[in-house]
Every structure is written in structure tokens, then in C-alpha cells.
Amino acid sequence: MSGMRGLSVFISDIRNCQNKEAERLRVDKELGNIRTCFKNEKVLTPYKKKKYVWKMLYIHMLGYDVDFGHMEAVSLISAPKYPEKQVGYIVTSCLLNENHDFLRLAINTVRNDIIGRNETFQCLALTLVGNIGGRDFSESLAPDVQKLLISSSCRPLVRKKAALCLLRLFRKNPDAVNVDGWADRMAQLLDERDLGVLTSSTSLLVALVSNNHEAYSSCLPKCVKILERLARNQDVPQEYTYYGIPSPWLQVKAMRALQYFPTIEDPSTRKALFEVLQRILMGTDVVKNVNKNNASHAVLFEALSLVMHLDAEKEMMSQCVALLGKFISVREPNIRYLGLENMTRMLMVTDVQDIIKKHQSQIITSLKDPDISIRRRALDLLYGMCDVSNAKDIVEELLQYLSTAEFSMREELSLKAAILAEKFAPDLSWYVDVILQLIDKAGDFVSDDIWFRVVQFVTNNEDLQPYAASKAREYLDKIAIHETMLKVSAYILGEYGHLLARQPGCSASELFSILHEKLPTVSTPTIPILLSTYAKLLMHTQPPDPELQKKIWAVFKKYESCIDVEIQQRAVEYFELSKKGAAFMDVLAEMPKFPERQSSLIRKAEDVEDTADQSAIKLRAQQQPSNALVLADPQPVDGAPPPLKVPIVSGSTNPESVARSVSQAYGTLSSIDPQTPSPDLLSDLLGPLAIEAAPGAVSTEQHGPIGAEGVPEEVDGSAIVPVEEQTNSVELIGNIAERFHALCLKDSGVLYEDPHIQIGIKAEWRGQHGRLVLFMGNKNTSPLTSVQALILPPAHLKLDLSPVPDTIPPRAQVQSPLEVMNIRPSRDVAVLDFSYKFGTNMVNAKLRIPATLNKFLQPLQLTSEEFFPQWRALSGPPLKLQEVVRGVRPLALPEMANLFNSFHVTICPGLDPNPNNLVASTTFYSESTGAMLCLARIETDPADRTQLRMTVGSGDPALTFELKEFIKEQLITIPMGSRALVPAAGPGPAPAPPVAQPPSPAALADDPGALLAGLL
Amino acid sequence: MIKAVMMMNTQGKPRLAKFYDYTPVEKQQELIRGVFSVLCSRPENVSNFLEIDSLFGPDSRLVYKHYATLYFVLVFDGSENELAMLDLIQVLVETLDKCFSNVCELDIVFNYSKMHAVLDEIVFGGQVLETSSAEVMKAVEEISKLEAASNSISLVPKSVSGWRGR
């Protein structure tokens, strides 16, 4: 460790670097230096090796990948002298993972060090195994490590390491301790006097009992003994007394181990333990010294957990709650934090909820704590302790807090408020109020689930409808309202606006004009909802209002040719239907009620809480039938029906609907059409209309296949689609397919653009290698987050994309180089799976990378002396292939020549005697073929320009075929044309579609909307 | 289990990082940056706990302590006691203080290898190995002595150094 001047010099060089770039240069220089030394100097002195390896570790910590020198590090392990051996062990355990091959090579050296008699070497070897030992190590070393642990001649220094090393081996392979009598040995180990060894052994015990507590029941009383010894401060050396407290770590570990035993049956052990616990609970005070405070409370909180686990008598429990009540109001923030956390856990214990409720106001105060960690805990606790009795207070507090909460908490906060409002609403109008306030205050953070749910309630509760409609109307008077609010209001007013007809300002035409005022500012997904509302308003106007009809028809007319399919379809259909009178009434009648189902919100919340967790308290929670959420369920106190039960309307016994709700309960497989495979599709195409009855109903008339009774069910299937995030709700700028085709022929340009981001590309090609740079520019003034770029490479390309940062700052551009290597000829295209989050919207695009076959071609012009011998040498299939191609886009010969030249297949003029023929040559580069000459001949028919005969030849059969197909694609499709879609892909797999995913065939068959979208 | 030990200065420069589950270097840097970006925005006199699920996955906890220009960070799972982890940071710092008599950031920067030796005596494979800084000091001094001895006799034939090592 001492005397490594080189390392110190290097570190101070790094410190002196002015910027990251300089640092990188210095690091690269050093890495180059180390690499050369390792390579060239046959015999490195151990000192030099040691110095270099330490530098490697330092560079590794700075964040640079060190992908060489691992062998040197491993080889130092077998060095005879301590310093080299030490660095070998330390660096190996930092740089390698347990599956590294080099590690297997070292296994014998490591074993020799473990069984050898040099204790310092034993320590080093144990540390390595304890940090990165894998199954191999476990199988060959477990008995040796066990021996060290129980040996009486070893020093504690070695034995405590052996204990933790064995723990690692046990985790890698439970058989590591599967020997007769190990449980007894373990119990003996707990009699250890040395507190260091005892702490490690207790850690080992925790791991063992969490796996199988029965086998280690003999250890239970020993743990209690340890606690007694520490609590009485017997035989605790000074160095293990931490700020006056006898080894808090060991106390904590021993209590943790006890929490893995389900109960303590032996009465005397139980009594002894409770005495200790009582002493801890009573004897801990908040003192001035922070460290002492922390230590004593570490023990205290562990004691609280143990008390909860043991289901102590009520007296002790209320003592615990009282303590926690004290903690959540102390000055010391750590204790406040843990107080709140433990109170949340305490909710799982029966009979203490009422005592906890007494602290409600203090908990609400914590919601305003300056520390976000504490605010989060307070939110969790309020959420957990909420029930019918306090829901109103708590939810209103949450709503109030919503306006000041930081952005990172708002989504969680609004979800929790929505769930509590739904579960415990004392009356339904309050629920509607809460949700509308929620949308008003934090519209950006209110997921679709939340507003779908309120619509569902309103639809299912007639009493609620006029109230909801008038509330919705009120919000429309606000100057600026959130778009989600507009969606809910429009939907509710469309359905129930007519119930308000007699109130001032609520006639159909007034509702129309106030809604229509907002239309110019909304995004595309909202427009279809507004159109449906207009249609419904029109239908409800009795007697008909010709003035209103004129206005609404004008709107429909205007959107008849809208570029957005959904809008266009609705506009056209509503317009046609509204001319039909009575049929119109049927189709646009009020939505039927939704069948009752578990709230997707509550399901979401439960999913979140379901995360696997092996800690004792959670395990126990699973054993108990109740948890905080369930406990708090509104058990009606006075026998009245629970407030939010909704009458079951249709088909709860219908097996299909049951099956559907089951499938919903298990995930996102919910859709308008049970066959629709992709939830994406839903959010793409149907997301905006999911809540609507209209499209399904409209189509019954026109397209027939959907049975009348299928309609309501379908609609409800989509009404509460558990779409986590709406994807692809952005409008693209430009056509992706066109952009791709343009980039196939040139080397720089824009690959993708939407309102938030532009992705440009610049490429250089040399032989089979290509270097592309992706330029991702954030066009917004807020950052784009969760940015991910993943390359899905076809088999013939090797692609290496430098990592893309997770966040693109506002107005910033990031560059990401992409190295391409062509392995063999193929027309498949690599796809870039790109996604980012803007606000709550997840945008995902699958973009084809323009690393197409022609990029690996290099123009080559041949003379006839060069051409014909080669042409004749290629005798026939498979090296030379001929095909008559029909349906060719008619092109004049010079244009066709230009087209060939544009993808680097060079026309050699004058070689073919027939003026209607073209002869061309090029060189293709790939790893497998090397540089390979390709020749082609096109014979055109001046009488019929739509067909031609093509002959392609090269020295590689696959290349000949691929090139022929490639040229054919170019001749048949119109790469630069305005209506370009995915190129006709020939026999090979079609390239992945660009962003706007065409609907799958299954969806096409049944859904007219999707059908239309597909056609367009 | 302790998942990671990190030390970084108040500018976010890592000074020591050790992950007890294998973590590739890019991921390590991402985590260090992520932790720092949360830490640097925290005011004084708040709790030493951070919600860190978004970086380290569910059931992970983080405690940190801020000393002068350095943050000491421990990331661990639900099987450890939070305050005990906080105490462990204190033990680590007290030990370093004894090692370097009044430790400062520069000591940590330039004694990179010694830092590893100290840490390895306190945390072992993600478990608490030793909590007594006196014991840790004993172990570390022993290592230093061995090194010094080995340096001073580096010209003596191998067999002798092997003998000394016993």
C-alpha cells in the first residue's frame, strides 16, 4: 500500500485535469501504457504489476471500462509475497464477476491459501470467496471454510471471515451447510465469547433460519442468551461498546434472527426475551449525542419489530404505539422517519388502528416536513390508515398537499387520493368532487384509469348523473382547464348534458359552443371525444335545433378529410348517421351500465404492494390473511350496503365476461376485441375513443358483424383499459417510411421527428464497415426522460450503439455513434427501438436503420475487357441468376440508369450492343465475402416498360440472390414516392414497421375502425 | 445485505465505490450519478434516509452521511436495520480518522489502496464483518506491517520471505 509513487502521481494527474475530456485523455494514455507493458515486458516485476493493477482499479472506479489485464490481476493471487498477493485478491474481487473463467483458474490457488497455515493469506482468500465466490467455489471449498469457522486454534480474525464466507457459499449453493450436525455446531458457535465472531455467526444464522427455521430451533434460546448478555452488559469488552451501548449490531442481528422463528413456545425463554424487550422499550431516551441516539434507536426499532412479530399482549403493543407516537413528533429527523415507517408496519397488527388514528394530525403535519423522505413515509402511513371514518379528512389533506407537492410525488399522490376516494367515499357526489378536483389540480399526473373510473361510476349511478353533469359544466367556465378535464366534461355532458337542459347556460347549443371554444387548443386524441359529444348533443336536442345542426354538421364536414383516421372516421360516420333520424337515436342512446369489476386502480395499487420481499415482517404479513389495504375495506358499520357497490348489470354469469374479467385481473390483456394481440394497438388507435360507445355502435349498422349485445361489453372492455402509459400519443412530423427511403440513398438526414424530438443521422461507409452517428435533439424546454435506444440487429450485421443517456436536457442534442459491420449479404434491416417519456406520455418508435445492402456497395466502372471474361466465368445458378420481373414502375432508360447509380450499382455505358439493355457492376463488401465483384444486366422491352429481364451474378450464391432481390425491390416500389409504405419485401422477412403500427390482421377482421386505419 | 458502499465528494466525484453484487462499470457510474443527483439536492438537517427504489430496485434502502466535502453512502436491502447501517458509516469514518489522524478528502484520494483494506475489514461480501474500530485498526496495522516487512526484505531470497510470512 505504501511506496507506490506511480499510483500517487497518476492520481494527482487525474486531479489536475481541468475537464472530463482531459481526464479521458490521461486515462487512455495510462491504459495504453499498462497494456503495452503487459504485452511487451515478458517478466514484469511484481512491484510493477502491482502498481499497474492498482491503477486499473482506480480507473475502473472513475468509470472507465478496463477490459484487459484481468489475467495479470488473477495471476498476482499466486504471488508468494503479501503485497502482490493482496492486490491480486482485492482487484480480482472488484473487477471480475463470479462467472468469469479466470476465476475458475484461480480456484486451486485460493484453496491452497485457505488450507495453508498463513493466517493473513487465509484472510485474503476468504475475502475473495466471500465477495465473488460462485457455485464452483461453494462445491470445492465449503468443507474447508467450515473447518476454519469451528477451529479452536484459529484467530477470531480468520473465523469471523470464515463465517461470512460460508454465508456466501450457502447463498450460492444451499448444500454448503448440508452436513450432519451442522445445526448443533451452529448452536455451539452462538456460545462464542468473541463478539466479532459472534456477530458474523449471527449473520450466518439469519441467512440459515430464513431458509429453514425448523432445523435451527436449538439456536433460538441461544439468541435470547446473547440478548440477555448484552442487555446486562456482561462480558462486553470496551471495544465493542459503541457510545455506551453494548454492540448494537449484534443486538439487532440477534433480534432479526428471532423474527424468522414463527413463535417462541418455551415459556421461560419467552419470559426472558420479554424482559429484555421491556428493558429496551423503557430504557431508551432521546439524547443529545446523535451517534448514541442512532445506536440506541437502532436497537429500539428492532425490538419494536420483534414485539410486533411476537404478537405480544395488548399492553405491550399499546406501549409500542405510544412510543412511536412520541417518535413521530421528535426533532431528530431519522427517528421521525423510522417512527412513521414503523407505524405503517404496525397497521398490520390487529387492534392498534384506533390508537394510531389518535396521531392523525401529527402525521398530517409530517406531510409538510421539509424532508421528502419523511413526506413519503407520511403519505404511505396516511394511505394505510385511511378508512371510512377518516377518509374525508385524509383525502382532503392529500388534495391540498397536491398543489404544493414536488413533481416526483404528484403521480403517486393523485393515484393514492383517487383510490382512497373510491374505496371509502361516504357518498358518491363527494367521490366525483374529489376526482374532478384531482384532475383540475394535477391533470398531468392523473392517469387515464382515474378518469375512466369516474365515468364508469357516473354511468352506473343514475342519481349521480345530473350532479356530475352540472359539476362538469362548472369546470368548463374556468379560463384554462386541463385537457383531461375537458375529456371528462365533454364525455359527461354528451351523455347527461340533457339532464341540465332547464338550467341557465346549459342548453345543447350553449354546451356546444362552450366545448367548441376549447377545440382549437386540444390535442388529437381529444377531438374524437368532442365529436362524439357533439353528435350526442345533436341527438338530444328535442325539438331539433336547425341552427345547432348546421354548426355541428359544419364541424363534421371540416373533419371529414382530417389526416387522423380516428377523427375522420367519426366525422364521416356521425355526419351520415345524423341524417338518418331514428337510427341515429338508437346508435347514440345513453351508454349502458358497466358490469361491476375490480377497480383497475385498486388492482394497480395492489400490484405495487405485491413486490417480493423476504424480510421477516413481510413474510409474516403474507401469512396473515389481512394487510393494511384489506383491513381498511369499508365494512359498513350499520349494516347499510357499502357505498360504492354498483348494481351488476349485464352478464356477470356469462362465462365470456367472466373470462374476460379474469384475464383483465391478470394483466393488460384487455381489449375491445379478445383477439387483438397488442395492447399497444389499443392505445394507438382506440385509446382516445376507449370510453366511447359510439364507434362500436356506429359500426353495427354499417359493417354488421358485431352482435348487438356485444356492444356494451366491448365498450366496457375498453373503458378501463389498464394501459400503464399512453404510448405514441405524439403526432409525427413527416413520414417515417419516406425518411427512411431517402436515407437509403443518401448519408445524412432526418430519420424521425415528432413535436418533442428530432433524430438525425449521419453516416460514413468504408468497405464492410460503417459509422453512423445518431443525433437526438430535444426540441422542448423541458427534459425528455427515460430515453432508451435499443438496436435490434439482424443476423448479418454487427451493430454497436454507444449508450444513450437516460435524459436529454431541454434544447440539447446528444450524439450517439453506431458502429456497423456487415457480416454477410442480406437485405434485412436493423431496427432501432427508441422510446422516451415526455410528461407522462411514453413515446415509442421502431425505426429502421438505413444500413441497407447498397451501403456496402462501392461504385465500380468496368471496361468491356474487364467485364465480359468475368460475366462468362459465372456460368449459371446459383452464382448467376436470371428473372423476368413484371409490374416494374415504368422508367425511361436514363432514369433507370440514374436509379442504379444512386445505390452504387454503376452503369457501364456502351458495353451491351443492344441500346435497350443496361450493364452494371459494383463491389460488395462483407466480412464473409470480402470485397466481391457483382455484375448485372437488365434487358428492357421498349414496347412494355413494366417488364424486364434481369440477370445478376457474383462469386457468392447468397450475394447474387440478395442483390437480385434488392434491385427488384428498387424497381418495383417507388422509393421516393409520396405514398411509400413498407417496401414490398419479397420472400425475406418484412422489416419492422415504422411508428404508426398497422393493425394486426386479427384486429382488421373485426374492427371497422382498425380496418379503415389499415387501408389508409 | 449491503448492496454497495460509495464515497463521493460534494462535486459528485467518486472516491471509493464497492458493489457487492456484480455490477458492470457503466451501471456503477449510472448509480453513483443517480445517487449523487439526489444527495446534492438535499438540505442540511433532514433525515439520513433516501427512497432509492427507482435506482436499485424494490426493497432497497439508502443511508448516507455528509462529512465536510464527502458523502458516505450505504445501499442495502430490507434485511438490515437502517440505523445500524448509519452507525456503520460512523464506524468507518472513525476508523479512517484513526488511520489518518483527522481524515480529509485528500487522504482518501491518495490512499486509495488503504481505503480498500479498511473497507474489507468492515464489510465482507455485503455483510457486516467488524463493528469495533479498534479491531479494524488492529487488522489494518497488521497488514501495513506485513507490507513494510515485505518491502524491506525484498532483496532477501524468497524462502526467507516465505518463512517470515508464516
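**Exercise 1. Composition of chain A**

How many helices and strands does chain A have? State also what share of its residues is buried, and how its contacts are distributed along the sequence.

*Solution.* The model is a predicted one. Chain A contains 44 helices and 16 strands. Burial is considered next: of the 1016 residues in chain A, 57% are buried, the cut-off being under 20% relative accessible area. For the contacts, take those in chain A between residues at least 6 apart in sequence; 68% of them join residues at least 24 apart.

**Exercise 2. The three-stranded sheet**

Determine the strand order of the open three-stranded sheet of chain A, and identify its edges.

*Solution.* Step one is the order, which reads E6-E9-E10 in chain A, with antiparallel pairing. Step two concerns the edges: strand E6 (785-792) and strand E10 (841-848) of chain A each have a single partner strand, so one side of each lacks a neighbour in the sheet. Step three is the geometry: on average, neighbouring strands of this sheet are turned by 10 degrees against each other, direction ignored. Step four examines one pairing. E6(A) and strand E9 (residues 831-838) of chain A are antiparallel and joined by six bridges. Within E9(A), Ser835(A) is the residue opposite Gln788(A).

**Exercise 3. The five-stranded sheet and a helix across it**

Which strands stand at the edges of the open five-stranded sheet of chain A? Describe also the helix that lies across two of its strands.

*Solution.* The order is E3-E4-E5-E8-E7 in chain A, and the pairing is antiparallel. The edges are strand E3 (748-753) and strand E7 (797-801) of chain A, each of which pairs on one side only. Neighbouring strands here are turned by 25 degrees against each other on average, direction ignored. At the E7 edge, five bridges connect E7(A) with strand E8 (residues 813-822) of chain A, the two running antiparallel; Lys798(A) faces Met821(A) in E8(A). At the E3 edge, helix H39 (residues 736-745) of chain A lies across E3 and strand E4 (757-766) of chain A, and the helix runs at about 160 degrees to E3(A).

**Exercise 4. The second largest pocket**

Characterise the second largest pocket by volume, lining and residue class.

*Solution.* The volume of the second largest pocket is about 690 Å³. Its lining comprises 27 residues, of which Glu332(A), Pro333(A), Asn45(B), Val46(B) and Asn48(B) are the closest to the centre. Two or more lining residues come from each of helix H15 (290-310) and helix H17 (333-346) of chain A, and from each of strand E4 (60-67) and helix H3 (82-100) of chain B. By class, the lining consists of twelve nonpolar, nine polar and six charged residues.

Key:
Residues numbered from 1 in each chain as written. Chains lettered and ligands numbered in written order. Predicted model: local features only at pLDDT ≥ 70, side-chain atom pairs only at ≥ 80, totals over all residues. Heavy atoms only, no water. 1 Å grid on protein atoms, 1.4 Å probe; cavity = no way out; pocket = protein on both sides within 12 Å on 5 of 7 lines; lining within 4 Å. Points joined across faces, edges and corners; volume = space filled by probe spheres on them. Helix = DSSP H or I, 4+ residues; strand = E, 2+ residues; numbered from the N terminus. Nonpolar A, V, L, I, M, F, W, Y, C, P; charged D, E, K, R; others polar. Pairing = 2+ DSSP bridges. Axes fitted to C-alpha atoms, helices over the stretch in contact; angles between N-to-C directions. Buried < 20%, exposed > 50% of the residue type's maximum accessible area, 1.4 Å probe, protein only. Contact = heavy atoms within 4.5 Å.
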